[in-house]
Amino acid sequence: MLRAEQVTDAVAYHGEGLCWSPTWGGLRWVDMLAGDLLTLDEDGSVSRLHVGDLAAFVRPRSRGGYVVGLERGIGLAESPDGLPTPQRELWSDPGVRMNEAGCDPWGVLYAGSMAYDARPGGARLYRITPGGDVEVVLDDVTISNGLDFSPDGTRAYYDDTTTGRTDVFDVVDRRLTNRRPFFARDDESPDGLTVDSAGNVWVALNGAGRVRCVSPSGEVLAEVEVPVRLTTACTLGGPDLRDLYISTSREHLEDPEPEAGALFRVRVEVPGRPVLPFGG
């Protein structure tokens, strides 16, 4: 069991969507319900950029700038510190918001939603091409969460949190196919995830105060203990991509831990990979 160290104060109400990119100087994540992008500065302080009523995720764009999840769609910014321009809304229901996302090796963005009341089947997983074409990949989702690809691009891992498991897809002709269970344990809520350079899958377990590392064959390789219950997402970063960063939340907690909402970090043996950017 590894133990994560606290990096920041409890700076977020609902921290999510971690991403390491040199284009904005390192680590960025979101304080989702505040609508803020958070950036970890070199001196350990945290900078905020307000982008809207909600900020669900952030990823770099291959042409520079970033893509951010807004309440009912995405926004595109031309520079790392610029404000995003909202794109067309993907749905009209005010009871549904954007949640997590990830990009494939070809620059396509997969962005998922959830209903504010987390009603079963109230969400979707969308495929957004660099050219702006949008299609629904999954139409019966409850809480669409972590999504990342294997290093060779032949597999994609995905969490719909309320299923209690991580699923895996085969990637054939750049499309997600053959969805099936990859890893599950009773009474767990898998949230955000990331895949390292060896193809191992790191999954934040919301409510359990842990992050688990599972090999491509389904073997548990490591677990990271975090001193707060609501671990929401994780990513690998740092100069050598061996710092596992973990975001946390205090959303809906009547008695939150003092550290809930802080950022945590632990050193791991296998490095991550450069982030996959959005091609749009």
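Visitor: Which residue in the turn between strand 3 and strand 4 has a positive phi?
Guide: This is a predicted model. Strand 3 and strand 4 form a hairpin, and four residues lie between them. The phi in question is about 90°, and the residue in the turn that has it is Gly 25.

Visitor: Which residue of strand 4 stands opposite Ser 21?
Guide: Strand 3 and strand 4 pair in the antiparallel sense. Five bridges hold that pairing. Opposite Ser 21, in strand 4, stands Gly 26.

Visitor: Strand 4 and strand 5 also form a hairpin; which residue in that turn has a positive phi?
Guide: Four residues separate strand 4 from strand 5 in this hairpin. The positive phi is about 75°. The residue is Gly 35.

Visitor: What is the bridge partner of Asp 31 in strand 5?
Guide: Strand 4 and strand 5 pair over four bridges, in the antiparallel sense. Asp 31 has its partner in strand 5. That partner is Asp 36.

Visitor: How many bridges join strand 5 to strand 6?
Guide: Strand 5 covers residues 36-40 and runs antiparallel to strand 6. One facing pair is Thr 39 and Ser 47, with Ser 47 in strand 6. The number of bridges joining the two strands is five.

Visitor: In what order do the four strands lie in the open sheet?
Guide: The pairing in this sheet is antiparallel. Neighbouring strands are turned by 25° against each other on average, direction ignored. The order of the strands is 3-4-5-6.

Visitor: Why is one side of strand 3 and of strand 6 left without a neighbour in the sheet?
Guide: The sheet is open, with strand order 3-4-5-6. Strand 3 (15-21) and strand 6 (46-50) stand at its edges. One side of each has no neighbour in the sheet because each has a single partner strand.

Visitor: How many of the residues of strand 4 are buried?
Guide: Strand 4 takes in residues 26-31. The strand is mostly covered. Its buried residues number six of six.

Visitor: Which residues have the most contacts inside the largest nonpolar core?
Guide: Nonpolar side chains tend to be buried together in soluble globular proteins. The largest nonpolar core here has 45 residues. Those with the most contacts inside it are Leu 37, Phe 57, Tyr 66 and Leu 109.

Visitor: What does Phe 57 contact, leaving aside its neighbours within four places in sequence?
Guide: Phe 57 is one of the residues with the most contacts inside the largest nonpolar core. Its partners beyond those neighbours include Val 30, Met 98 and Asn 99. Also among them are Ile 74, Leu 109 and Ala 111.

Visitor: How many residues does the other core have?
Guide: This core lies apart from the largest one. Among its residues are Cys 213, Val 226, Leu 236 and Leu 244. Its count is 17 residues.

Visitor: Is Glu 223 buried or exposed?
Guide: Glu 223 lies in strand 22, residues 220-225. Buried means under 20% relative accessible area. Glu 223 has 14%, so this residue counts as buried.

Visitor: Which side chain makes a polar contact of 2.7 Å with that of Glu 223?
Guide: The Glu 223 side chain makes a polar contact of 3.1 Å with the side chain of Arg 210. The contact of 2.7 Å also joins two side chains, and the partner of Glu 223 there is Arg 212.

Visitor: What separation lies between the C-alpha atoms of Leu 176 and Val 137?
Guide: Leu 176 sits in strand 18 (residues 175-184), and Leu 176 is buried. Val 137 is among its contacts, as are Tyr 110 and Phe 149. The two residues are 39 residues apart along the chain, and their C-alpha atoms are separated by 8.2 Å.

Definitions and conventions: Residues are numbered from 1 along each chain as its sequence is written. This is a predicted model: local features need pLDDT of at least 70, side-chain atom pairs count only at pLDDT 80 or more; totals for chains, interfaces and linings use all residues. Side-chain values use heavy atoms; hydrogens and water are left out. Two strands pair if DSSP finds at least two bridges between them. Axes are lines fitted to C-alpha atoms, for helices over the stretch in contact, and angles run from 0 to 180 degrees between N-to-C directions. A nonpolar core is a set of buried Ala, Val, Leu, Ile, Met, Phe, Trp, Tyr and Cys residues joined through side-chain atoms within 4.5 Å. Buried means under 20% relative accessible area, exposed over 50%, partly exposed in between (1.4 Å probe, protein chains only). Contact means heavy atoms within 4.5 Å. A polar contact is a pair of N or O atoms within 3.5 Å; within protein, one must be able to donate a hydrogen and the other to accept it, and residues adjacent in sequence count only if both atoms are side-chain atoms.
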